[in-house]
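Reader: Hi! Could you walk me through this structure before I set anything up?
Author: Happy to, let's have a look together.

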Amino acid sequence: MALRIKNLKKSFHGLTIFENFDIEINEKEINCILGPSGVGKTTLLNILSGIIDADKGQLSDLKEKTISYIFQEPRLLAWKTVYGNISFVLKNLYNRQEIENITNKYISIVGLKNFKDYYPDKLSGGMKQRVSIARAFAYPSDILIMDEPFKSLDFKLKKSLIVSFVKLWEIDKRTVMFVTHDVEEAALLGNVIYILKDSQPTEIEKVVHINARQIDRILNPQKTAKTKKTLLKYLK
Amino acid sequence: MRTSTTRSEKYYILISLILLLALWKIISLIIDADIILPSPENTFISFYNLVITRDFSRILLFSLIRGFLGFMISFFLGITFGFLSGTNKYFGKLFEPFLIIIRSTPIMSIILIALIWFRATNVPVFASFLVSFPIICMNVTEGIKNIDVNLIQMAQVYNINKIRVFKEIYFPSILPFLLAGISTAAGIGWKAVIAAEVLSQPEYALGTSMQVSRIYLDTESVFAWTIIAILISFLSERVIRKFEKSIVKWKG
């Protein structure tokens with residue numbers, strides 16, 4: 001099963017970013033969009049999530065899909081605790097008991113059980129991003145969008161966040177749209193990797209499929225290195 | 001850590017108060033004329049005598065009511081207009097010069113004009129309203145401008161309804177600014193109340209009593225009333241701070 005976007009057109013101030021752009025989003029898989037900055041990756045996500053409208057194009061039944069989002073920055077509410085930030089997105093959907101169960105479950109999975117009542121002010125950058133990941137999974141979405149959530153983090157932190165993410169995704173296989181400019185992230189996470197060409201309008205240069213489980217890729221750096229090489233070749 | 005800093009802060013306050021009293025006493029000994037600078041002990045005797053008079057509570061109450069009324073009016077109008085200025089660019093631009101004019105008007109001009117327009121007892125209310133309104137208004141506007149659009153976008157993605165976005169994002173974002181405004185406005189408003197009372201002479205008023213004491217060259221009483229005004233200002237500040245701490249607990 002796949003969600004299809006067809007004939008997408010979008011331009012800003014006379015600058016055409018997408019023209020006749022087609023892409024398939026495979027359900028229950030991590031769809032990775034890899035490309036240099038400035039090729040309209042964020043624009044594509046904004047169209048998918050309904051933050052902005054496309055000029056033209058068939059977005060199949062995307063409009064009815066619920067979406068959760070892991071942004072580049074954690075985007076937490078400073079006046080709510082870890083618990084409060086996650087339950088924030090659940091409030092109108094469940095009863096009190098369910099909210100409590102779901103929130104606690106995701107807090108435990110991302111390893112923040114002891115920080116449940118902390119305000120974001122008191123958390124490290126990595127912890128904050130883990131709250132944001134937990135929030136995205138706690139919300140019952142059809143599509144999970146990730147816009148470079150590991151950008152500007154140091155290597156160790158990135159690795160641990162990716163592990164947290166994969167753990168969650170193994171339990172709860174969402175349809176993921178993951179945007180990145182980082183070949184390593186794409187190689188570790190993507191089931192399908194769309195490599196975008198640095199052109200105007202944006203085109204898909206190559207589609208790469210990887211079947212290996214994400215956990216195995218993390219544990220097997222050599223294999224990942226090979227994939228990285230392939231991706232780099234197309235990305236140039 | 002927090003308690004230890006406040007404790008040492010308390011010592012500093014105590015020491016500086018003692019120093020102030022000592023300095024006051026020494027200067028009053030040098031001047032040696034109670035009519036110019038009454039000694040601390042005479043001022044405190046006068047303070048005590050004032051507090052036990054029958055009218056004292058009424059004077060205090062009426063002045064406080066005036067201050068409170070002025071404050072409440074500027075509180076509600078300040079939030080309303082501040083909100084409009086912050087959310088509507090055009091309104092904000094049109095309204096800003098008004099605020100600047102009000103803020104630049106000498107407090108005495110406001111009081112004198114109010115004396116022409118209003119009954120004596122309402123002059124202080126008007127004066128305190130007019131000095132505190134721009135402060136609350138501008139702080140609310142500032143708070144709205146400081147709202148992180150990224151958070152609003154996040155709430156939209158997660159389908160949070162408008163009422164909740166207002167309650168859980170707009171309101172907490174503005175709150176620290178509003179509280180800062182309230183605390184400044186209350187302080188300035190209270191001083192305006194007393195100044196206006198001195199000139200408008202309502203029957204029961206702290207400012208009136210101060211002015212009467214001055215006319216009778218009862219300098220001790222002028223000092224005593226001043227201490228009362230300072231204490232009220234200090235107490236209201238404390239109450240606001242307490243309140244602030246209890247609701248803005250995510251900070252610090």
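Reader: Let's start at the contact between the chains. Which side chains meet in a salt bridge there, and at what distance from N to O?
Author: That would be Glu168(B) and Lys91(A), whose side chains form a salt bridge at 3.4 Å, N to O. Keep in mind that this is a predicted model.

Reader: Noted. How many salt bridges are there across the interface of chain A and chain B?
Author: The rule finds two of them between chain A and chain B.

Reader: And how many residue pairs are in polar contact?
Author: Ten residue pairs are in polar contact between chain A and chain B, counting pairs with both residues at pLDDT 80 or more.

Reader: Which elements of chain A supply the side that touches chain B?
Author: β5 (67–70) and α4 (125–138) of chain A each supply at least two residues of that side. The most comes from β5(A), which gives three residues.

Reader: Nice. How many residues does each chain bring to the contact?
Author: Chain A brings 23 residues and chain B brings 18.

Reader: What about the area buried between chain A and chain B?
Author: It is about 2,000 Å², and carbon and sulfur atoms give 60% of that. On the side of chain A, Arg75(A), Trp79(A) and Phe88(A) supply 37% of the area the chain buries against chain B, more than any other three residues.

Reader: Back to Arg75(A) for a second. Where does it lie, and what is its phi?
Author: Arg75(A) sits in the loop between β5 and α2 of chain A. Its phi is near 50°, a positive value in a residue other than glycine.

Reader: I'd like to check the other backbone detail too. Where is there a cis peptide bond?
Author: Gln200(A) and Pro201(A) are joined by one, with omega at about 0°. Pro201(A) belongs to the loop between β8 (192–197) and β9 (203–209) of chain A.

Reader: Those strands must belong to something. What is the strand order in the sheet of six strands?
Author: The order is β5-β6-β7-β3-β8-β9 in chain A, an open sheet with mixed pairing. Its edge strands are β5 and β9 of chain A, each pairing on one side only. From one strand to the next, the twist averages 20°.

Reader: How do β3(A) and β8(A) run, parallel or antiparallel?
Author: Parallel: four bridges join β3 (residues 30–34) of chain A to β8(A). Within that pairing, Ile33(A) stands opposite Tyr194(A) of β8(A).

Reader: And which strands does α4(A) lie across?
Author: α4(A) lies across β5 and β6 (143–147) of chain A, and it runs at about 170° to β5(A).

Reader: New topic: what is the order in the sheet of three strands?
Author: That open sheet goes β2-β1-β4 in chain A, with antiparallel pairing. β2 (15–26) and β4 (56–58) of chain A each have a single partner strand, so one side of each is left without a neighbour in the sheet. Neighbouring strands here are turned by 5° against each other on average, direction ignored.

Reader: How many bridges join β1(A) to β2(A)?
Author: Eight bridges join β1 (residues 2–12) of chain A to β2(A), and the two run antiparallel. Ala2(A) faces Asn26(A) of β2(A) in this pairing.

Reader: Last one: where in chain A is confidence lowest, and where is it highest?
Author: Confidence is lowest in β4(A), with a mean of 84, and highest in helix α2 (residues 82–87) of chain A, at 97. Chain A has a mean pLDDT of 90, with 99% of its residues at 70 or more.

Note on methods
Residues are numbered from 1 along each chain as its sequence is written. Chains are lettered from A and ligands numbered from 1 in the order in which they are written. Side-chain values use heavy atoms; hydrogens and water are left out. Two strands pair if DSSP finds at least two bridges between them. Axes are lines fitted to C-alpha atoms, for helices over the stretch in contact, and angles run from 0 to 180 degrees between N-to-C directions. pLDDT is the predictor's confidence in each residue, from 0 to 100. Contact means heavy atoms within 4.5 Å. Buried area is the accessible area (1.4 Å probe) that two parts lose on being put together, summed over both. A salt bridge is a side-chain nitrogen of Lys or Arg within 4 Å of a carboxyl oxygen of Asp or Glu. A polar contact is a pair of N or O atoms within 3.5 Å; within protein, one must be able to donate a hydrogen and the other to accept it, and residues adjacent in sequence count only if both atoms are side-chain atoms.
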